[in-house]
Amino acid sequence: MSFFKKIFSSEKKETLDKGLEKSKSTFFGKLSKAVAGKSKVDDAVLDDLEEILVSSDVGVNTTLKIIERIEERVSKDKYLGTDELNAILREEIAGLLSETNLGEETEFVVPRDKKPYVIMVVGVNGVGKTTTIGKLAYQFKKQGLKVVLGAADTFRAAAIDQLQVWADRVDIPIVKQSMGSDPASVAFDTLESAVTQDADVVIIDTAGRLHNKVNLMNELTKVKRVMQKVVDNTPNDVLLVLDGSTGQNAFEQAKQFTAATEVTSLAVTKLDGTAKGGVVIGISDQFKIPVKYIGVGEGIEDLQVFNKFEFVDSFFK
């Protein structure tokens, strides 16, 4: 199929393959058992496949779409061997994800006509939010962009300290106040500092609490409103970080956060340590919000731009 062209460098592709190894081996282990002793794709195989996709956290709605597409192939081709199932799955999932123009980036890019380009990062504690910010800052700096971080998660001293560690590691400026300070005030200071320094990119960390949607909504709205006093129409991107290893819980968090604030992009982390990598396929299909980044390892280079074709190719390789 024309979907699959070599896009990533071999090194990047290798990292992606390795990061999805656990998900892949679990998925194909189940698939091998389901088709053992069967030569053709029949209703029983499709039932088993449906169960495998759902248990791989692809999500019920996306799974039903995939099964429907494979049923169409079966009725059209009259006979499909189980040995072809892998290639068919690869093609049909890529086809399904191709119905939107999202997930086609290959590099870390920000629009150059918006300066500073402001990214506000949201997500519950423990999903890898601060790590994602640090790795993102590293990628932008590597491109020669001037980056400023804002520590607006002021509810935990650890969050401010962690962000400081990343700022030191990447060697970029950070704006922070003491724990308990007003997050909007930190965001305001960060943007003022970024404008003074003629920065290209600003990344603002925000508190990861979801126990009260109204409080969260009010707080994020206030942070946005205050930022707009310094730079019009900011933030340019509201990035929600989700922990891929939590599977269906990541779906739930995405629903909660998209209800509380306008999320414009997603990052799915910790895919290397889990068998739940299928969640990216479901999230990419179900939410009309682009998955921009995926975390496939602990190294500083292991945050990757999500490219749906490379992802599906690695998953079904």
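This is a short talk through one predicted model, from its sheet out to its pocket and loops.

Okay, hi everyone. One thing up front: what you see is a predicted model. Let's start with the sheet.

There are 8 strands here, and they form an open sheet. Reading across, the order is β3-β2-β4-β1-β5-β6-β7-β8, and the pairing is mixed. So which strands sit at the edges? Those are β3, residues 174-175, and β8, and each of them pairs on one side only.

Now look at β5, residues 237-243. On one side, β5 runs parallel to β1, residues 117-122, and 4 bridges join the two. If you want a residue to click on, take valine 121: its bridge partner in β5 is leucine 239. Leucine 239 also has a bridge partner in β6, and that one is serine 265. Strands β5 and β6 pair in the parallel sense too, over 5 bridges. Another pair to find there is leucine 240 with its partner in β6, leucine 266.

Is β5 enclosed or open? Well, 7 of its 7 residues are buried, so β5 is largely enclosed by the rest of the structure. You can see that on either side of the strand: Asp237, Leu239, Val241 and Asp243 point one way, Val238, Leu240 and Leu242 point the other way, and all are buried.

Strand β6, residues 265-269, tells a similar story: 5 of its 5 residues are buried, so β6 is largely enclosed by the rest of the structure as well. Both faces of β6 are covered, with Ser265, Ala267 and Thr269 buried on one side and Leu266 and Val268 buried on the other.

Over in another part of the sheet, β2 (residues 147-152) and β4 (residues 201-206) pair in the parallel sense over 6 bridges. There, valine 148 stands opposite valine 202 in β4.

Right, on to the aromatics. The count comes to 9 aromatic pairs. Take phenylalanine 27 and phenylalanine 316: their ring centres are 5.7 Å apart and their planes are at 90°, so this pair is edge-to-face. What does that pair tie together? Phenylalanine 27 lies in helix α2, residues 21-35, while phenylalanine 316 is in the segment after α12 (308-315), so the contact links parts that are 289 residues apart in sequence. Both of these phenylalanines, 27 and 316, are buried.

A second pair is phenylalanine 306 with phenylalanine 311. Here the centres are 5.5 Å apart and the planes are at 65°, so this pair is edge-to-face too. Phenylalanine 306 and phenylalanine 311 are both buried. And these four belong to one aromatic cluster, made of Phe27, Phe28, Phe306, Phe311, Phe315 and Phe316.

Keep Phe306 in mind, as it also turns up in the lining of the largest cavity. The search of the whole structure finds 1 cavity of 30 Å³ or more, and the largest cavity has a volume of about 30 Å³. Besides Phe306, its lining has Thr100, Leu102, Gly103, Ser284, Ile289, Pro290 and Val291. By class, that lining is 5 nonpolar, 3 polar and no charged residues.

What about the largest pocket, how big is that one? Its volume is about 300 Å³. It is lined by 16 residues, and nearest its centre lie Ser9, Lys12, Gln139, Lys142 and Glu301. The elements giving two or more residues to this lining are α1 (10-19), α6 (129-142) and β8 (303-305). Helix α1 gives the largest share, 3 residues. By class, the pocket lining has 4 nonpolar, 6 polar and 6 charged residues.

A quick word on annotation. An unreviewed UniProt entry places a feature called "domain: SRP54-type proteins GTP-binding" at residues 290-303. In the model, that stretch is 0% helix and 43% strand, and its end C-alpha atoms are 16 Å apart.

Last stop: a loop. Lysine 78 is found between α4 (60-77) and α5 (85-97). Buried or exposed? Lysine 78 is exposed, with a relative accessible area of 65%. The C-alpha atoms of lysine 78 and phenylalanine 257 are separated by 45 Å, and along the chain these two are 179 residues apart.

That's my tour, thanks for listening.

Definitions and conventions: Residues are numbered from 1 along each chain as its sequence is written. This is a predicted model: local features need pLDDT of at least 70, side-chain atom pairs count only at pLDDT 80 or more; totals for chains, interfaces and linings use all residues. Side-chain values use heavy atoms; hydrogens and water are left out. On a 1 Å grid over the protein atoms alone, a cavity is a set of points where a 1.4 Å probe fits but cannot get out, and a pocket is an open set with protein on both sides within 12 Å along at least five of seven lines; lining residues have an atom within 4 Å of a point. Grid points are joined across faces, edges and corners, and a volume is the space filled by probe spheres set on the points. Ala, Val, Leu, Ile, Met, Phe, Trp, Tyr, Cys and Pro count as nonpolar, Asp, Glu, Lys and Arg as charged, and the others, Gly among them, as polar. Rings of Phe, Tyr and Trp (its six-membered ring) pair if their centres lie within 6.5 Å; planes under 30 degrees apart count as stacked, over 60 as edge-to-face and the rest as tilted. Helices (H or I, at least four residues) and strands (E, at least two) are DSSP runs, numbered from the N terminus. Buried means under 20% relative accessible area, exposed over 50%, partly exposed in between (1.4 Å probe, protein chains only). UniProt positions are given in the numbering used here, feature names are shortened, and annotations may be inferred rather than shown by experiment. Two strands pair if DSSP finds at least two bridges between them.
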